[in-house]
Amino acid sequence: MTRKIFFKLLTLTLLFFIGCSEDERLVRNPAPEEPTDIVVKEGMNLVGKLTDGDTPVVGAVVSDGYTTTLTDEEGIYQLEANERAKFVFVSVPSNYEIPMENGLPKIYHALPADRSDVIRRDFSLKKQAVVNKFQLLALADVQIGQTVELNWLRNTEIPLIAEYANSMKTESPVYGISLGDLVWDNMAYFPEYATEIKRLQLPVFQVIGNHDHDRTVLMDDYNAARQFEANFGPTYYSYNIGDCHFVVLDNVNFNGHSDYSAHITQNQLDWLEEDLKHVSKDKLIILGTHIYTSRRDRPNLGVSNKEDLYKLLEGYKVRILTGHLHNNRMTTISEDMEENNLGSVMGAFWNYLCNDGSPRGYAVYEIEGNEIKNWYYKGTDQSKDYQIKIYKPGQAVTASRQDGVIINIFAWHTNWTVKVYENDVYKTTLTENLRFEMDRDAYDAYFGDDKPAHRPSAEPEAYNDHMFYYKPSATTGITVKVEAEDPYGNVYVERVTL
């Protein structure tokens, strides 16, 4: 090339850039191996399209778990993927179906470790009418780790849960969330768990629990989640159903074996702050995580940086759903924020009841618009109306209370009303719950190193705060009736004849 031709080309190039806008100068043509229908912006290494058939999905939130972006008018997103990002996922808009793959929700794509080339990951969504009314099936602590537990789940629990879920589907669409401890330290059981949960035939999203981390990975929380991720995708993400924005977080800081703490990593909080920028304040936030963030009976316990989480959620109506303790405990965090810590599918280590005396089970939420219109805890093999258990005089675990009846109201919260009748004559409204009274059935089943036979550890819940004491006027010849009304207008009744 002659010097004259070179300077002519250089002059034309400079004139082109001078005439271009800043946005035009920021983009570059893709390399030969890159997508030819997306002009990749400088610095971006993760791109893709969201489409519904041939129609672009516009304004959808896409994230690598560190930053978020919106799809443009052509359904295109572009990100500079964080070097630690393992996935790209879409916060499915409420006017699109939850995409499914092999019977489980699939809102993500895995990312390769090599970021030297531009990565393309497309999403295919299907438009639907916004679901204004639906139900949520919330499971906690399924926790299978050996053959006996898998057989119980396969032959007893899943058939019963599926039967009830099918009855729910006649009323409105049903979605699910499983709140962690899917397995019991046995990573090989993730596929077995997935096989069983798919039998419910509804979208069930997964939360990672402490027993879902690889206990052989020491002092490396980032890599201890690899096997969970290989089966179920990211450990934190969001999606939308109707006027509800769902958020899943990983609040298990795992160090190996049984060494862990309840903490939310800063990168998750930073991601959540970005995610919520795209969520209007009139949406209901339903947040699922494994370890309880707070508990009403022991407010000093819970997630170490829970106040940082709560601050991000200010201004929204929020319901937090958690597991971990294998019993029921409800906590009011603020006027607009409540936490439901739920009893477990596996009871207290695959026995018939939880360690607070609640039946093994799950929760059902009935949602319309941005409101929870009703919710209840349901024993897997019990009627939805079974919410109260009464013990006769002499059956209290605490000796000083054996002169009265002990009442266990499984999902009780401070906004319930509890009335007592004798022979159908009103006697009193109980306002003071017991904080330290173990459930008699749980005590008999679980107290002692040899009970039950199949357990690594199980003790009746000592801080069981949904128990009540009532001293009847006589110890024989009367029927004591307990009537408990929740804030949704459900009235539950149980009787015992003395």
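**Exercise 1.** Leaving aside its neighbours within four places in sequence, which residues is isoleucine 407 in contact with?

*Solution.* Keep in mind that you're looking at a predicted model.

- Step 1: Skip the residues up to four places away in sequence, then list the contacts of isoleucine 407: Ile388, Lys389, Ile390, Leu430, His466, Met467, Phe468, Tyr470 and Val482.
- Step 2: Find the strand. Isoleucine 407 is in β26, standing opposite isoleucine 390.
- Step 3: Look at the pairing. β26 covers residues 405-409 and is joined to β25 by 4 bridges, with the two running antiparallel.
- Step 4: Check the core. Ile407, Leu200 and Tyr365 touch the most other members of the largest nonpolar core, which has 141 residues. Helix α3 (residues 147-169) gives the most to this core, namely 8 residues.

**Exercise 2.** Work out the strand order of the open sheet that holds β26, and say which strands are at its edges.

*Solution.*

- Step 1: Read off the order of the 3 strands: β25-β26-β29, paired antiparallel.
- Step 2: Look for strands that pair on one side only. These are β25 (388-391) and β29 (467-470), the edge strands.
- Step 3: Add the twist, which averages 20 degrees from one strand to the next.

**Exercise 3.** How do helices α3 and α4 pack: roughly parallel or roughly antiparallel?

*Solution.*

- Step 1: Pick what to look at. Two packed helices are described by the angle between their axes and the distance between the axes.
- Step 2: Get the values. For α3 and α4 (residues 190-197), the angle is about 10 degrees and the axes are 11 Å apart.
- Step 3: Compare with the cut-off. Angles under 35 degrees count as roughly parallel, so α3 and α4 are roughly parallel to each other.
- Step 4: See who meets whom. Leu150, Leu153, Arg154 and Ile158 of α3 meet Glu192, Glu196 and Ile197 of α4. Sorted by type, the residues of this contact are 4 nonpolar, no polar and 3 charged.

**Exercise 4.** Is glutamine 268 buried or exposed?

*Solution.*

- Step 1: Locate glutamine 268, which is in helix α7 (residues 266-276).
- Step 2: Recall that buried means under 20% relative accessible area. Glutamine 268 has 2% relative accessibility, so it counts as buried.
- Step 3: List what glutamine 268 touches, not counting residues up to four places away in sequence: Tyr236, Leu249 and Asp250.

**Exercise 5.** Describe the hairpin formed by β30 and β31.

*Solution.*

- Step 1: Take the pairing. β30 (residues 479-485) and β31 (residues 491-497) are antiparallel, with 7 bridges.
- Step 2: Pick out one bridge: glutamate 485 has valine 491 in β31 as its partner.
- Step 3: Go to the turn. There are 5 residues between the strands, and glycine 489 in the turn has a positive phi of about 90 degrees.

How values were computed: Residues numbered from 1 in each chain as written. Predicted model: local features only at pLDDT ≥ 70, side-chain atom pairs only at ≥ 80, totals over all residues. Heavy atoms only, no water. Pairing = 2+ DSSP bridges. Axes fitted to C-alpha atoms, helices over the stretch in contact; angles between N-to-C directions. Core = buried A, V, L, I, M, F, W, Y, C linked by side-chain atoms within 4.5 Å. Buried < 20%, exposed > 50% of the residue type's maximum accessible area, 1.4 Å probe, protein only. Contact = heavy atoms within 4.5 Å. Parallel < 35°, antiparallel > 145°, perpendicular 65-115°, else oblique. Nonpolar A, V, L, I, M, F, W, Y, C, P; charged D, E, K, R; others polar.
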